[in-house]
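Okay, thanks for making time, everyone. I'll put the structure up and then walk through a few spots I'd like you to look at with me.

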Amino acid sequence: MAVPGPKARLWLWRLAAWTAGLAPLLWLGARVLQSRLGANPVEFLEHRAGDWSLRLLLATLAMTPLRRLTGWSEPIRVRRLLGLWAFFWICLHFAIYLTFDLEGSPAALAKDLVKRTYITIGFAAWLLLLPLAITSTQGWQRRLKRRWAQLHQLVYAAALLGVLHYLWLVKADLREPLLYLAILVVLLGWRLPWRGILRGHSPPRRTT
Ligand code: HEM
């Protein structure tokens with residue numbers, strides 16, 4: 001079988017990234033149309049959106065290690081797309097909560113932000129990701145130069161807060177949030193400078 005060339009490979013990676021962001025949306029849309037949302041439809045939608053927020057955020061963070069381990073350039077070229085899909089899902093998750101749980105009331109949001117720690121943590125993660133989504137264009141990348149990479153390191157803190165938010169709200173079965181935490185620890189630990197120290201030289205410069 002012929003090995004796909006660089007253009008075809010990039011196309012396949014882009015297709016995979018679009019599928020990762022869009023397929024759950026189509027699946028959720030189909031469930032809405034078929035009224036198959038279980039006994040608590042709002043909770044169902046909110047939780048599925050939360051799940052995909054975290055999965056796509058972790059997938060975004062996995063692209064740099066994947067590039068390093070394989071030597072392929074495609075993961076880096078779809079990283080921004082995956083990050084924007086993650087942000088889309090977080091906004092959807094937030095919008096479901098605001099619209100259905102709080103009936104669009106800013107006062108109710110302020111009350112929850114003070115009273116419920118997991119809401120405070122989730123909201124902080126969303127706030128951290130907001131400037132990253134806004135400055136994700138090449139124009140902003142050129143304008144901010146080195147500061148762009150520094151700014152975009154906020155994604156690590158946002159992912160950590162996202163996992164903490166999940167851990168905080170779960171009351172009984174901690175297995176799933178702990179699995180996400182383990183994946184995040186591996187993805188962040190992999191980036192630490194000691195990798196370079198172990199190899200006897202300073203770590204190579206990264207953009208994010
Ligand atoms: C990086 C940002 C965020 C991530 C990754 C995230 C992720 C998650 C996850 C994975 C769940 C649990 C889903 C499940 O049980 O299967 C969840 C639940 C929830 N999240 Fe978020 N979330 C984020 C931001 C927010 C924000 C900004 C809000 C609102 C201010 C919010 C409000 C909620 C609520 C109300 C629940 C359901 C809690 C419950 O029913 O007990 N989240 N989130």
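**A walk through the helices**

Let's start with Leu 28, which sits in helix H1. Leu 28 counts as buried because its relative accessible area is 6%, under the 20% cut-off. And before I go on: this is a predicted model, so please hear everything in that light. If you want a distance to check on your screen, take Leu 28 and Phe 44: along the sequence they're 16 residues apart, and their C-alphas are 9.6 Å from each other.

Staying in H1, which covers residues 6-33, have a look at Leu 12. Leu 12 comes out partly exposed, at 45% relative accessibility. Which residues join Leu 12 in a nonpolar patch on the surface? Those are Trp 11 and Leu 15, and the three together have about 340 Å² of accessible area.

Now, charges. How many salt bridges does a search of the whole structure find? Five, and I'll show you some of them.

One of them pairs Glu 74 with Arg 9, with N to O at 2.9 Å. This pair ties together distant parts of the chain, since Glu 74 belongs to helix H3 and Arg 9 to helix H1, with their positions 65 residues apart. Is Glu 74 buried or exposed? Buried, with a relative accessible area of just 3%. Arg 9, on the other side of the pair, is partly exposed at 30%.

Next up is Arg 48 with Asp 51, where the closest N and O atoms are 3.1 Å apart. Here both partners lie in helix H2, residues 41-70, and they're three residues apart, or about one turn of the helix. If you need the textbook reminder, an α-helix has 3.6 residues a turn, so residues three or four places apart point the same way. In accessibility terms, Arg 48 is partly exposed at 25%, and Asp 51 is buried at 9%.

The other one I want to show is Arg 175 with Asp 173, at 2.8 Å, N to O. Arg 175 is exposed because its relative accessible area, 64%, is over the 50% cut-off. Asp 173 lands in the partly exposed class at 43%.

While we're around there, helix H9 runs over residues 175-189. H9 has 15 residues and spans 21 Å from its first C-alpha to its last, close to the 21 Å you'd expect at 1.5 Å a residue. Several of its residues are buried, among them Tyr 180, Leu 184 and Leu 187. Pro 177 and Gly 189 are on that buried list too.

Okay, the one I'd put up for discussion: Arg 79. Arg 79 is in helix H3, which covers residues 74-101. Arg 79 is buried, yet it has no salt bridge. Where is the nearest side chain of opposite charge? That's Glu 74, and it is 13 Å away. A salt bridge here needs the nitrogen within 4 Å of a carboxyl oxygen, so Arg 79 and Glu 74 don't make one. And remember, Glu 74 is the residue that bridges to Arg 9. What does the side chain of Arg 79 make a polar contact with? With the side chain of Thr 64, at 2.9 Å.

Now for the backbone people. Two non-glycine residues with positive phi are worth a look: Ser 35, at about 55 degrees, and Glu 103, at about 50 degrees. Ser 35 lies in the loop between H1 and H2, and Glu 103 is in the loop between H3 and helix H4, which is 106-115. As for accessibility, Ser 35 is exposed at 64%, and Glu 103 is exposed as well, at 71%.

Last stop, Arg 146. You'll find Arg 146 in helix H7, residues 146-152. Arg 146 counts as exposed, with a relative accessible area of 60%. How far apart are Arg 146 and Tyr 97 in space, C-alpha to C-alpha? They're 36 Å apart, with a sequence separation of 49 residues.

That's my tour. If we only have time to talk about one spot, I'd pick Arg 79, buried and without a salt bridge, with its side chain in polar contact with Thr 64. Over to you.

How values were computed: Residues are numbered from 1 along each chain as its sequence is written. This is a predicted model: local features need pLDDT of at least 70, side-chain atom pairs count only at pLDDT 80 or more; totals for chains, interfaces and linings use all residues. Side-chain values use heavy atoms; hydrogens and water are left out. Helices (H or I, at least four residues) and strands (E, at least two) are DSSP runs, numbered from the N terminus. Buried means under 20% relative accessible area, exposed over 50%, partly exposed in between (1.4 Å probe, protein chains only). Lys and Arg count as positive and Asp and Glu as negative; His and the chain ends are not counted. A polar contact is a pair of N or O atoms within 3.5 Å; within protein, one must be able to donate a hydrogen and the other to accept it, and residues adjacent in sequence count only if both atoms are side-chain atoms. Patches are made of residues with over 30% relative accessible area and no salt bridge: like charges are joined within 9 Å, nonpolar side chains (Val, Leu, Ile, Met, Phe, Trp, Tyr) within 5 Å. Accessible areas come from the Shrake-Rupley method with a 1.4 Å probe; for residues, only the protein chains shown count as cover. The expected span of a helix is 1.5 Å times one less than its number of residues.
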